[in-house]
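Here's a quick briefing on a helix pair and a couple of cysteines. Have the structure open while you read.

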Amino acid sequence: MKKLTSSEIAGAVGGRIVSGTGRRTAAKAVIDSREAAEGTVFFAIKGPNHDAHGFIPDAVRAGCEIVVISDETKVPADCDAVLVDDTLKALQDLAAWYIKGLDIKKIAVTGSVGKTSTRDLLAAGLSSAYRTAKSEKNYNNQYGVPLTVLSFDGTEEAAVIEMGMEHRGEIHRLADIVRPDIAVITNIGISHMENLGSRQGIMDAKLEITDFFTGDNALVINGDDDMLSGLSEKAYGIVRAGSGPENLFRVTGVRDKGARGVDVSLEAEGKSLDVSLKIPGAHNAGNLALALAACSLAGADMEEAAKAMENAVLTGNRLKISEAGGVTIIDDSYNAAPASVVSAVKTLMATEGKRHVAVLGGMAELGPKSRELHTETGEKIGDLGVEFLVTIGENAADIARGAENAGVNNAVSFSSKEDLYDEIRNLFHEGDVILIKASRTMELEKLAEKIRKAMK
């Protein structure tokens with residue numbers, strides 16, 4: 001963030017200075033008092049489970065000299081305090097004001113699965129032509145997007161911003177903050193079905209990313225997605241990417257090399273391209289096409305962007321490859337949905353090893369059809385030929401049931417990952433390739449680390 005005075009912050013968010021000089025400055029916004037330091041502004045957010053006003057003294061002791069508050073009884077001594085009605089809204093309003101003053105190309109990415117991988121590929125591609133920033137970690141929600149925007153120092157020429165949601169209206173608010181020039185929707189799945197009721201409801205929520213579009217803007221969509229493929233031209237342009245002949249950016253060939261990556265052939269804008277991604281997963285061929293389309297719309301040379309994407313690195317525990325004691329571990333524990341689980345198992349099966357082992361936890365937010373969807377997922381991975389299946393948690397037991405229906409005769413289930421820890425050496429053997437995947441809430445990255453340590 002460019003250095004701002006407390007008076008500038010107050011003006012941007014419609015607040016008022018209730019303590020201090022109004023001349024103290026900050027170059028970073030934080031909502032966690034543990035990240036507070038000299039040169040930061042601390043937003044005391046009131047959440048459903050805690051009120052950060054109670055951490056203001058900690059932030060001030062750490063060197064923070066500007067706080068944004070909604071409780072006037074919590075004004076700290078020797079600090080500039082900005083009083084607002086709602087501190088979360090103030091954070092979002094500051095981000096909207098701040099990004100409006102930047103000369104930057106803004107590309108937003110959403111979708112049920114694949115949005116972070118597409119974001120990472122897109123940022124790598126844009127970096128071939130522009131000084132590019134992107135959302136870090138899982139900063140894609142009502143808190144993370146404004147913090148991402150406020151992390152820009154003003155020297156960036158392009159930014160790739162991921163947008164997630166759980167309810168209607170959330171992406172609308174994020175789009176209002178960012179006002180993207182280009183948007184990408186990777187697909188319409190079934191995550192958050194319990195909140196949005198149907199895939200149509202999910203698509204409507206994702207399409208909020210275009211709520212502030214004009215004729216100068218463009219939406220890149222997965223032309224292979226059964227929901228998105230039917231979209232017609234609106235006030236803005238629509239560019240399709242996928243494997244079908246109707247796609248402007250078309251995947252014509254995929255060679256899945258398992259843990260070693262994926263080779264992709266594409267046709268776009270009258271050119272043929274061959275791209276060798278180091279990141280694993282055949283599904284990333286579609287993400288690559290989406291990212292290339294967005295790069296081209298943003299003015300980057302498509303061939304140079306594709307070359308840059310070959311060195312892209314995925315954020316977090318997404319198909320992260322490691323080895324220990326002769327065992328290969330594919331840690332894809334960041335999140336899970338039926339489609340992404342099946343894609344990850346395909347990557348597992350394309351990876352060379354003596355035995356292919358899938359360790360799967362439950363999938364969250366699937367709504368009333370959760371059991372049915374877990375069972376169907378099990379049947380699909382059973383058809384792929386998994387040789388050993390380990391499931392963790394009550395929901396995942398339905399995956400095992402479905403896999404057994406499909407002919408998998410070597411499956412075990414555990415109530416929790418902790419129950420599995422003492423059995424690691426008994427379950428896994430030298431030469432195994434082990435996929436670990438589940439919803440984020442299960443924290444199966446801890447299991448991946450336990451396996452690495454136990455097998456050394």
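What follows covers one helix packing and then the cysteines. Keep in mind that this is a predicted model. In short, helices H9 and H10 cross at roughly 140 degrees, and a search of the whole structure turns up 0 disulfides.

**How H9 and H10 pack**

- Two packed helices are described by the angle between their axes and the distance between the axes.
- Here, H9 spans residues 284–297 and H10 spans residues 302–309, with their axes coming within 9 Å.
- At roughly 140 degrees, the crossing doesn't get over the 145 needed for roughly antiparallel, so H9 and H10 are oblique to each other.
- The crossing of H9 past H10 is right-handed.
- On the H9 side, the contact is made by Leu288, Ala291, Leu292 and Cys295, while H10 brings Met302, Ala305, Ala306 and Met309.
- Sorted by class, that contact of H9 with H10 holds 8 nonpolar residues, with no polar and no charged ones.

**Cysteines without a bond**

- A disulfide is a covalent bond between the sulfur atoms of two cysteines.
- The whole-structure search finds 0 of these disulfides.
- Cys64 is in no disulfide, and its nearest cysteine sulfur belongs to Cys79, 5.5 Å away.
- Likewise, Cys79 is in no disulfide and has the sulfur of Cys64 as its nearest, at 5.5 Å.
- The cut-off for a disulfide is within 2.5 Å, so the 5.5 Å between the sulfurs of Cys64 and Cys79 doesn't qualify.
- Buried or exposed, which is Cys64? Cys64 counts as buried, with 2% relative accessibility.
- Cys79 is buried too, at a relative accessible area of 1%.

How values were computed: Residues numbered from 1 in each chain as written. Predicted model: local features only at pLDDT ≥ 70, side-chain atom pairs only at ≥ 80, totals over all residues. Heavy atoms only, no water. Axes fitted to C-alpha atoms, helices over the stretch in contact; angles between N-to-C directions. Helix = DSSP H or I, 4+ residues; strand = E, 2+ residues; numbered from the N terminus. Parallel < 35°, antiparallel > 145°, perpendicular 65-115°, else oblique. Left-handed = near helix turned anticlockwise from the far one by under 90°. Contact = heavy atoms within 4.5 Å. Nonpolar A, V, L, I, M, F, W, Y, C, P; charged D, E, K, R; others polar. Buried < 20%, exposed > 50% of the residue type's maximum accessible area, 1.4 Å probe, protein only.
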